[in-house]
Amino acid sequence: MKTSIARKVLMALSGFFLLFFLLQHFIINFSSVISEDGFNSASHFMGTNPIIQYGLQPVLIFGVIFHLGMGIYLELQNNKARSVKYAMNKPSANASWMSRNMIYTGLMVMLFLGLHFYDFWIPEIKTKFIDGDMSGALNGVEGTRYFHELQHKFVDVWRVALYCLSFVFLSLHLLHGFQSAFQSVGFSHNRYTPIIKKLGNLYAVVVPLGFVFIALYHYVSQL
Amino acid sequence: MSEKGMNLTLKIWRQKNATSKGKIETYKVADISEHMSFLEMMDVLNEQLINEGQEPIAFDHDCREGICGMCSLHINGEAHGPDRGVTTCQLHMRMFNDGDTIYIEPFRAKAFPVIKDLIIDRTAFDRIQHAGGFVSVNTSGNTQDANALPIPKADADKAFDAATCIGCGACVASCKNASAMLYVSAKVSQFSLLPQGKVEAKDRVLNMVEQMDKEGFGNCTNTGACEVECPKGISLENIARMNSEYLKASITKEA
Amino acid sequence: MSVLDSKIPEGPIKDKWTNHKNKINVVNPANKRLIDVIVVGTGLAGGAAAASLAEMGYAVKAFCFQDSPRRAHSIAAQGGINAAKNYQNDGDSVYRLFYDTVKGGDYRGREANVYRLAEVSANIIDQCVAQGVPFAREYGGLLDNRSFGGVLVSRTFYAKGQTGQQLLLGAYSAMNRQIGKGKIKMYNRHEMLDVVVVDGKARGIIARNLITGSIERHSAHAVVVASGGYGNVFFLSTNAMGSNATAAWKIHKKGAFFANPCYTQIHPTCIPRSGDYQSKLTLMSESLRNDGRIWVPKNMEDVEAIRSGKKKPIDLSEDERDYYLERRYPAFGNLVPRDVASRAAKERCDAGYGVNQTGEAVFLDFASAIQRYGKEAATVNHEPNATKERIIELGAEVIKNKYGNLFQMYEKIVDQNPYKTPMMIYPAVHYTMGGIWVDYNLMTTIPGCYAAGEANFSDHGANRLGASALMQGLADGYFVLPYTIGDYLADEIRTGPIPTDSPEFDAAEKDVRGIIDTLMNIKGTKSVDHFHKQLGKVMWDNVGMARNAQGLEEAQTKIRQIREEFWKDLRIPGEANELNTELEKAIRVADFLELGELFAKDALHRNESCGGHFREESVELDGEQKGEAKRDDDNFKYVAAWEWTGDPGESKLHKEDLEFKDIELKTRSYK
């Protein structure tokens, strides 16, 4: 934890964990486009399974906070490593915009997470742990609540637009982050690294685009 | 060969000494040949300044053939200027056009304080090497025969590629975080790829990274700017190798 | 007997070094800690010596003017390092390397020193490999060799075109280990400006801290000067901009004799000068001559057409080209030694056949090699019907693997693609075989003051073979000096620390301050470079590749005049007590202006042609060798060691006779 490389490795490891989380989140959300029931049962399982709720959820929360906190700390440190700035600098000549702006794309994603928590996570926690309703039943109406709650959030056009914009930032973050995490943990191979880079680009485009698609799908289907 | 004689405006960082405050000053040079190297253009400017009774601009340089690593300069926003695979002394004026304005600044990093004008102090690099950039063998002259230990050509070639680092500091200068990872990883890689270096590999990487951090360089965020600006094309692969060497060493090191 | 005692050990040449080493006094480890040694310069010789002495236990202080010891100009050596390993099983041996080196030096080197050099050469490779120096290897994992510069065996070890860099970084790493342990105290950005002699012994130096301008005193029980050569006396050379003779010249003025200053190597394959602004010349490895053919046009009309751009070199047919080295030296062709190749290029250019605007360039053409390698590769690849273009493509690939970095460097500098059009090359000053006179122990004529590497005169005679300089630097630094110095230091164990407040230190510091004050207060009108360029022009025109009595006399007069002007009309802006690059240069050029005169004086006195020293008065008049250099063994088979008397023109000549007991003196023939 004390040296630059240890910190960098921890950034990568928390990043890997978030990548994995995002993928499963995406798969479950995507099921809402295919089957209402499928989405409901998957959501109910994730929302009520004790291993996930008491085991993985705290890890996830820690992972997010750690990735954010360490990211900000390193950024501040790195800023200090060059106290006098260049009068003339052309950073675009040698490094991609994504790689240079991870802190900003990351912060944008975090702001979005705030909204996301407000929309979904806080009501979830309230329903389940404060009100003690672990049934997943929809209040007053026949059926399960998850799908309806999801749809309900994608009615307001501004909120949908905000969601979509956030995923653009997520995509930019991932375009660098995915392959960077492999480099950070010391994986480099002249045959596999190019594949990882391609895979990373694929992931960084497909997953956020998929989330955008889900938002638009539900918005359009309710017009 | 057509001489096109360029007129240039130069915006150069001037700073009297380490403690004084510096600023950018503007100079003009005329009739610069496209065949000149960048430092020869600086020579012309300095000759002009001396003739006018002004102090010439201090800059580091020595071999002027791209191998000693002494020349530095951040030229128009890039370490060693706009060309690729060259040091400032090998940069030629044909990369510029008549009427151009050129910014010339020292390599900037907290770990590379300015000594005067464009001259910086890079002894932090030396101190990192003192921490472990060597194989501990005395010059007795009776080590084993050089061919007693065959080394796969692929490993030897990779070690050589890493060993071609000239220690100029362009990697630090280009990195948005002023990180020295490419420099340090080049030496760590060279020795970790060779059987001679493996014996001390763990201590080497731990000690060199510790010293690197102490000097105040930033963290690596894998932007890859260092690799692009490195005049010797040292690969990012070396940083990955150092990361994994470091991980292995810190996990397996005994208390 | 001469005042020069070379201290060559008795006995058969094979046993001299071993016997000598066995008899050398050894200092007890507990005492070594109490003995200080100063090493000036951190190239192959200085860096290796500093590291080795520190490993042995001495307290070492190392000095370099660069910002790091890793930047010493040894780093720029490209081609390789010789060693008599006989890994290729082509009959190489210590004797053969010894023989080739003595012959290559045109029989003006000291047999015993050269033999020792050949003897320890194998240790160097073992040592460097153990340090992690990444030499080129074959697929089987063993070390690769190549042949170099007119030698009949493959004994050159290399690391692509960066052998010097890799060897120097090896020595640098050995130093770093000792610096980390506190055994070497490193002084970067310090320049030695005088040696301090107390009771006839070297006891320290006066150095200027180049950052603060402060003058410092450093004492020691012995001083090692490994500050490199003096090629920059020509202004334009392949040396680094900062390479200078000041440390060597200052010890000369305090009593160290300067030997054979006129022996200079002009390297044939450098990139030609492009204009008056030129600050230095860039060397390209001699290995290029293994595959390149050197030529100029046969007809003057073609020369003019090429210069004016009407014709391109590739437009000329084989008949219209003069491959002058192949024509004059059919046996060795393009692989004749450096001095011969350089003079032949000058001869053609003087006759008006130079192919660029300055008239000082010849072609080095790879077209035939690309064809040859292309055809070979096509056969290997089973492409019997390969087109012309395909063959060129394959051939260029082979050339790229061998010389890629050199071709790239050429293209960056000249902006022409050497795969498609011949390179242009011209000779340039590269190495100085002359230097401080030392005995077999590498001690100068000042007791306790040693000289190592290019700074001394010892091993190469009048011409140096390719890949020998790295060998000599490391041999001196790793394997010779650390042992021989013990013989002297064994008597110093009771001396105790050397005080720096003695009258001798006072006087030396006062002298140094006096010179700096004088220089700063001239307040004239001309820059240092102005004078340095003037000196360089006289040296190149009159004391360059071909020398004659009239030109040399004229050179001495002119250099005196330039020196007088320098001390009257120099302008150094800024102050002495700060980083002042102009003052640094001025101190160095002041010394070059004296050394240049001695150089010309030595060249004038040596009325024979030997190695790199070519006197127009001394050529073969008839026979097969007509027009070639003529050595005069009857009159000049000696080392010319000059003693400072207060004026370079009045230096006193001492002769050390050279004895050749194991090699027969012969005329070098490359016909």
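# Notebook: helix packing, domains and chain contacts

I began in chain C of this predicted model, where α5(C) and α13(C) turn out to be roughly perpendicular to each other, because angles of 65 to 115 degrees are counted that way. The angle I looked up for the pair α5(C) and α13(C) is about 85°, and the two axes lie 9 Å apart. From α5(C), the residues that make this contact are C:R116, C:L117, C:V120, C:S121, C:N123, C:I124 and C:Q127, and from α13(C) they are C:M471, C:Q472, C:L474, C:A475, C:Y478, C:F479 and C:V480. Sorting the residues of the contact of α5(C) with α13(C) by class, I noted 9 nonpolar, 4 polar and 1 charged.

**Domains of chain C**

I then turned to the domain assignment of chain C, which gives domain 1 as 274-428 and domain 2 as 503-623. Between the C-alpha centres of domain 1 of chain C and domain 2 of chain C I noted 35 Å. Their contact draws 5 residues from domain 1 of chain C and 5 residues from domain 2 of chain C. I asked myself which helix gives the most to the side of domain 1 of chain C that touches domain 2 of chain C. That is helix α10 (residues 338-350) of chain C, with 4 residues. By class, I entered 1 nonpolar, 1 polar and 3 charged residues for this side of domain 1 of chain C.

**Chain C against chain B**

Next I looked at how the chains meet, and found that, among the 2 pairs of chains that touch, chains B and C have the most contacts. On the two sides of that contact I noted 65 residues from chain C and 68 residues from chain B. The helices of chain C that each supply at least two residues of the side touching chain B are α3 (44-56), α5 (111-131), α6 (163-180), α13 (469-489) and α17 (581-605). I marked α6(C) as giving the most to this side of chain C, with 9 residues. The residues of the side of chain C that touches chain B divide into 23 nonpolar, 26 polar and 16 charged. In my notes α5(C) and α13(C) therefore appear twice, once as a pair that is roughly perpendicular and once among the helices of chain C that supply residues to the side touching chain B.

**Domains of chain B**

For chain B I recorded a division into domain 1 (6-116) and domain 2 (123-136 + 150-252). The centres of domain 1 of chain B and domain 2 of chain B, taken over C-alpha atoms, are separated by 28 Å. I found 18 residues of domain 1 of chain B in contact with 16 residues of domain 2 of chain B. On the side of domain 1 of chain B that touches domain 2 of chain B, I noted 8 nonpolar, 7 polar and 3 charged residues.

**Chain A**

Chain A has 8 helices and 0 strands, and its C-alpha atoms fill a box of roughly 65 × 40 × 40 Å along the principal axes. I checked the confidence here and found an average pLDDT of 93 for chain A, with 98% of the residues scoring at least 70. Among the elements of chain A, helix α6 (residues 145-153) has the lowest mean pLDDT, 88, whereas helix α4 (residues 97-100) has the highest, 97.

I then followed helix α1 (residues 4-34) of chain A, which packs against helix α7 (residues 157-184) of chain A at an angle of about 135°, with the axes 9 Å apart. α1(A) and α7(A) are therefore oblique to each other, and I noted their crossing as left-handed. The contact is made by A:K8, A:V9, A:M11, A:A12, A:G15, A:F16 and A:L19 of α1(A), together with A:G177, A:F178, A:A181 and A:S184 of α7(A). I sorted the residues of this contact of α1(A) with α7(A) into 7 nonpolar, 3 polar and 1 charged.

**Chain A against its partners**

Turning to chain B again, I recorded a contact that takes 35 residues from chain A and 39 residues from chain B. Each supplying at least two residues of the side of chain A that touches chain B are α1, α3 (50-80), α4 and α7 of chain A, and α1(A) gives the most, with 6 residues. By class, this side of chain A has 15 nonpolar, 13 polar and 7 charged residues. Last, I looked for a contact between chain A and chain C and noted that none joins them, their closest C-alpha atoms lying 20 Å apart.

Methods. Residues numbered from 1 in each chain as written. Chains lettered and ligands numbered in written order. Predicted model: local features only at pLDDT ≥ 70, side-chain atom pairs only at ≥ 80, totals over all residues. Axes fitted to C-alpha atoms, helices over the stretch in contact; angles between N-to-C directions. Parallel < 35°, antiparallel > 145°, perpendicular 65-115°, else oblique. Left-handed = near helix turned anticlockwise from the far one by under 90°. Contact = placed C-beta atoms within 7 Å. Nonpolar A, V, L, I, M, F, W, Y, C, P; charged D, E, K, R; others polar. Domains from an automatic or database assignment. pLDDT = per-residue confidence, 0-100.
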